[in-house]
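Please look over the sequence and the model shown here before reading on. The report after them is written for someone new to this structure.

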Amino acid sequence: MAEPIVKVLIASPLLSYTGADEVEACGASLGALLKDLDRRYPGIRFRMVDEQEQLRRHMRFFVNGEIVKDLGHPIKTGDEVGIVQALSGGERSGLP
Amino acid sequence: MAKARKKTKSGTSNNARASGGTLLLVATRKGAWIYKGDAARKEWRSTGPHFLGHIIHHMMLDPRDGKTLLAAASTGHLGPTIFRSTDMGKSWKEATRPPAFKKKEGGRTVHHNFWLTPAHGNEPNVWYAGTSPQGLFRSEDGGVTWNEFSGLHDDKQYREWMGSEQDGTPNGPMIHSIIIDPRNPKHLYFAMSGGGVHETVDGGKHWAPLIDGMEVVEGFDPKTVTFHDPHCVRMCPSNPDRLYQQNHCGIYRLDRPGKVWKRIGKAMPAKVGDVGFPIVLHPRDDERCWVLPMDGQTVWPRTSVGGKPAIYSTGNGGKSWTRLDTGLPKAEAWWTVKRQAFAADMGTTVGLYFGTTSGELWASRNEGKAWNCIARHLPEIYAVETATIG
């Protein structure tokens with residue numbers, strides 16, 4: 001079965017990769033979707049997911065408006081995925 | 001044409017050309033700038049900001065090809081990466097595989113790339129990177145892809161010496177001061193904050209600490225490698241057997257093959273002390289170096305001592321030190337200079353440059369005798385490197 005193609009809203013710090021704040025990607029899970037995004041926009045995934053396959057601390061992912069913290073979260077046709085920068089994301093010191 | 005370029009009050013403009021002269025590569029908490037000096041190093045023109053909003057920890061030009069420029073970048077939200085330019089920052093490409101630890105149970109995550117060092121002259125396109133938390137990475141393709149270097153990251157003893165995040169600096173524990181012996185590409189040093197100074201003579205197969213003679217904070221055991229906090233280690237360009245070090249606990253010199261550091265900072269004035277972050281060496285005189293002391297008392301303000309910044313210079317290997325503060329603020333200047341933010345050029349009379357935590361860029365055309373501010377109101381400056389082009 002073909003993997004679902006969904007709309008992905010892109011956070012502003014990642015626009016240098018996509019050139020657009022709304023793109024398409026496909027994948028049956030959030031993790032697969034981010035891998036497809038990386039295929040389309042090389043380098044974008046590592047800025048969001050670290051080498052231990054953990055979502056980076058100050059990035060947030062929403063599927064149909066619900067926050068998702070699991071790369072295995074299923075994605076289906078018609079879903080809308082949002083990638084958002086958390087308000088908390090200053091430098092390590094926490095300062096802006 | 002240079003004549004047509006508009007200069008700012010600080011003697012800079014936004015149209016640096018890449019042909020000939022001294023470059024200052026300025027990395028800040030909010031982006032990077034490149035300053036180009038005229039032949040007299042009197043007027044400076046700038047390009048930037050590059051990567052506005054990115055945290056740039058270090059930017060280095062490869063002296064072997066004179067064109068490969070690497071910048072260590074992250075943001076408050078996005079993971080760390082390395083950008084690469086071969087046209088003096090007109091365009092940048094991201095590393096396709098930035099430094100990253102191996103994926104494994106309990107594995108570590110690179111928080112930021114802190115230090116970039118071009119490798120030996122006989123190893124074109126090879127670079128080393130030091131990260132926070134402590135990691136040592138190597139690229140063999142000019143910074144496009146990076147791999148973990150040596151078995152360091154899996155060495156139980158080294159992992160113990162690296163300590164936890166609480167054992168590191170406020171900005172995280174890090175590897176810095178990656179030094180390659182110009183006579184032997186397999187002879188390397190690096191330093192860890194915290195975790196001491198280390199050496200390999202077989203290209204990273206084996207490493208050994210080099211901490212004898214170095215002091216630690218009172219009450220701790222200097223035999224414990226973890227407690228050592230070298231802030232900046234440099235090898236004399238004119239004498240690879242001589243190293244200088246600015247440490248959390250003093251200024252040191254080591255003459256190889258000796259293995260015991262000598263605390264040369266004891267000759268500094270007692271009221272100033274010998275605590276600081278950076279140390280800069282003369283390119284041709286192994287007896288001469290410069291430091292920028294900071295206040296390391298009680299709660300560690302890490303400001304200039306008494307709000308009166310000064311460079312101290314030695315011309316006799318640390319037997320005596322001379323205060324150099326002409327042109328610097330006489331009072332109420334509570335900034336400091338980070339370990340990567342003080343550099344020398346290769347001029348016949350050496351030019352010195354430093355960037356402050358309050359975003360000022362200072363220059364001396366006469367080895368520190370007199371200083372003038374060439375840029376103000378930049379973001380907090382993390383690193384200043386020089387490069388000679390053309």
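What follows describes confidence, the contact between the chains, one sheet, and some local details.

This is a predicted model, in which local features need pLDDT of at least 70 and side-chain atom pairs count only at pLDDT 80 or more, while totals for chains, interfaces and linings use all residues. Residues are numbered from 1 along each chain as its sequence is written, chains are lettered from A in the order in which they are written, and side-chain values use heavy atoms, with hydrogens and water left out.

**Confidence**

The predictor gives the complex an ipTM of 0.90 and a pTM of 0.93. For chain B the mean pLDDT (the predictor's confidence in each residue, from 0 to 100) is 93, and 95% of the residues of chain B reach 70 or more. Residues 1-19 of chain B, however, have a pLDDT below 50, although in the model this stretch has 42 contacts beyond near neighbours in sequence, a contact being heavy atoms within 4.5 Å. Where pLDDT is low, the predicted coordinates should not be read in detail.

**The interface**

Between the two chains, 34 residues of chain B are in contact with 22 residues of chain A. The area buried between them, meaning the accessible area (1.4 Å probe) that two parts lose on being put together, summed over both, is about 2,100 Å², and carbon and sulfur atoms give 46% of it. On the side of chain B, the residues that lose the most area to chain A are B:R29, B:H77 and B:L78, which together account for 33% of what that side buries. Two strands of chain B, β4 (55-61) and β6 (81-85), each supply at least two residues of the side that touches chain A; strands here are DSSP runs of E with at least two residues, and helices are runs of H or I with at least four, both numbered from the N terminus.

Across this interface the rule finds zero salt bridges, a salt bridge being a side-chain nitrogen of Lys or Arg within 4 Å of a carboxyl oxygen of Asp or Glu. Over all chains, by contrast, the structure holds 28 salt bridges. One of these joins the side chains of A:K7 and A:E22 (3.9 Å, N to O); because A:K7 lies in strand β1 (residues 5-9) and A:E22 in strand β2 (residues 22-26) of chain A, the pair ties together parts that are 15 residues apart in sequence.

**A sheet in chain B**

Chain B has an open sheet of four strands in the order β8-β9-β10-β11, with antiparallel pairing, where two strands pair if DSSP finds at least two bridges between them. Strands β8 (112-118) and β11 (147-148) of chain B stand at the edges with a single partner strand each, so one side of each is left without a neighbour in the sheet. Six bridges join β8 to β9 (residues 127-132) of chain B, and B:W115 stands opposite B:G130 in β9.

**Local backbone details**

Two cis peptide bonds in chain B are listed below.

| Peptide bond | Omega | Place of the proline |
|---|---|---|
| B:S132 to B:P133 | near -5 degrees | loop between β9 and β10 (135-139) of chain B |
| B:R256 to B:P257 | near 10 degrees | loop between β18 (250-255) and β19 (262-263) of chain B |

In chain A, A:E53 has a positive phi of about 65 degrees although it is not a glycine, and A:E53 lies in the loop between α3 (44-48) and β3 (59-63).
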